[in-house]
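Trainee: Could you take me slowly through a single part of this model, explaining each term as it comes up? I would like to understand how that part is covered and what it pairs with.

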Amino acid sequence: MAQSLPFFQLGVDATERYPAQFISDWRALPEKPGIVVITDNAEQDALLEAMHRSQRFWQWRIYVSQPSALSMALSDGAHIPDDLESVWQDHLQYLAAIKNGESEPLLAWLWLDDGRELQPVRDASSRGIYRYPLLEAYNEERATPYHALLQLTQRGYLVEGELVDKVRFCPSCQSGHLNYVETCPHCQGLDIRHEHSLHCFTCGHVADQEAFTRSGKLVCPNCLTQLRHIGVDYDRPLETYVCQSCKHRFSEAQTKARCLSCDTFSAPNALIARQIYRYDTGIQTASLLRNGQTFQIPALSLNHLVDAPFLLSLLPWLNKLARRHQQQHLILALHLPGLESYGQKHGELKTLSLTEHLSERLNGLLRDTDLCCQYTPDTLLLLMPQTPQAALGRLQEKITELASLIEVDDFTLQVYAWTLPDELMTDDAANWLVMKMSGRVDD
Ligand SMILES: [Zn+2]
Ligand SMILES: [Zn+2]
Ligand SMILES: [Zn+2]
């Protein structure tokens, strides 16, 4: 391995096993990004958590010599690639493309390597049963990570990967420690017993079979009738359970979940069901990191990129507004169908810098009140409120001019324009866009 690599071994004993610089305390690692391998540390998980919590190692590659409970979730694993040199070069290239890693260290760490995922780790001692150690390290203490995960997924920053498990939680305290018990449907009592009971046809008395048995014969303890033939004198009722608390008889016990953390009883359908996924970074993360955007929903007056869910929530509202106040809003869709093949040929980084170049030029064209959104990897949507269709000609001229400035082979730019109000627009703006894009009305 080349000496030029910023490669460090972090260990408790001073055995230099790797062609790396030996360091005994992680706080002594330099500020500049590098590669570190942690060797033989019994506190490895705590060490990894501390390093991520310091918020400065998102730029690093972190390996371990031995796997530990959290090493898959918090490091690049126990396998140091043979071609570390070229892995590091790729890493640096991606790193250079990130504008705001400081403000989004978690997403930046995940985005820097395809192999990294936000991984759940099962932890029976935790109320949530599963934890996301990486999320916890960057987002401080959170009671449950699900709200954050939902937000990040809904806004396209994370996408669900493999489904790891399904867990039900107490609706009262969100604990996953539940015990399922059969209870009396009348009084919710726990003490219910299975019974072999009989039902006397003469007087209607129901009791346990034992109460009917007298010197080898079946005799009703209530009316003293001798029961000879089943179906004629007596039968066996369907209710085969009896509650020891309220004496209620029933055929089906009610299953309840008793929370082991707060003692609340809940019906199974009242429990909060959650699916535990691994997560990858979504398309919005790439644009977030590369454009230096922040998480906040931008104010409408800003000439900013917004995320797709925000735009989708805005469109139906604008449509109603347009109808009520006789306004016209213009939506331009810039479709770059060659982008995918370009991406395959030239790689993600080059493709992203092409779209960035494009965005930069588009920004010059947008007014303060316009919004821009990378709706899909190859579709940009520009929303221009209060713009009549008549303005389109001039805009289109500028866009054509802009497209010609981008000197890339096998790359085309198609522009579509739609106006609001549109009678086909419902509250489901995503569906409307699908319709519009498949219709592809060229202007
Ligand atoms: Zn009962
Ligand atoms: Zn009887
Ligand atoms: Zn509870």
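**A close look at strand β21**

Mentor: Let us begin with one residue, Leu332, whose bridge partner in β24 is Ala417. Before going on, please keep in mind that this is a predicted model, in which local features need pLDDT of at least 70 and side-chain atom pairs count only at pLDDT 80 or more, whereas totals for chains, interfaces and linings use all residues. Residues are numbered from 1 along each chain as its sequence is written, chains are lettered from A and ligands numbered from 1 in the order written, and side-chain values use heavy atoms, leaving out hydrogens and water.

The strand β21 (a DSSP run of E, at least two residues, numbered from the N terminus) covers residues 329-335. It has partners in two other strands: with β24, residues 414-420, β21 pairs in the antiparallel sense over 7 bridges (pairing requires at least two bridges found by DSSP), and with β23, residues 379-384, β21 also runs antiparallel, joined by 6 bridges. On the β23 side you can pick out His335, whose bridge partner there is Thr379.

Now consider how β21 is covered: 7 of its 7 residues are buried (under 20% relative accessible area with a 1.4 Å probe, protein chains only). If you follow the side chains, His329, Ile331, Ala333 and His335 belong to one face, while Leu330, Leu332 and Leu334 belong to the other, and both faces are covered. Leu332, with which we began, is therefore counted among the buried residues, since its relative accessible area must be under 20% to earn that word.

How values were computed: Buried means under 20% relative accessible area, exposed over 50%, partly exposed in between (1.4 Å probe, protein chains only). Helices (H or I, at least four residues) and strands (E, at least two) are DSSP runs, numbered from the N terminus.
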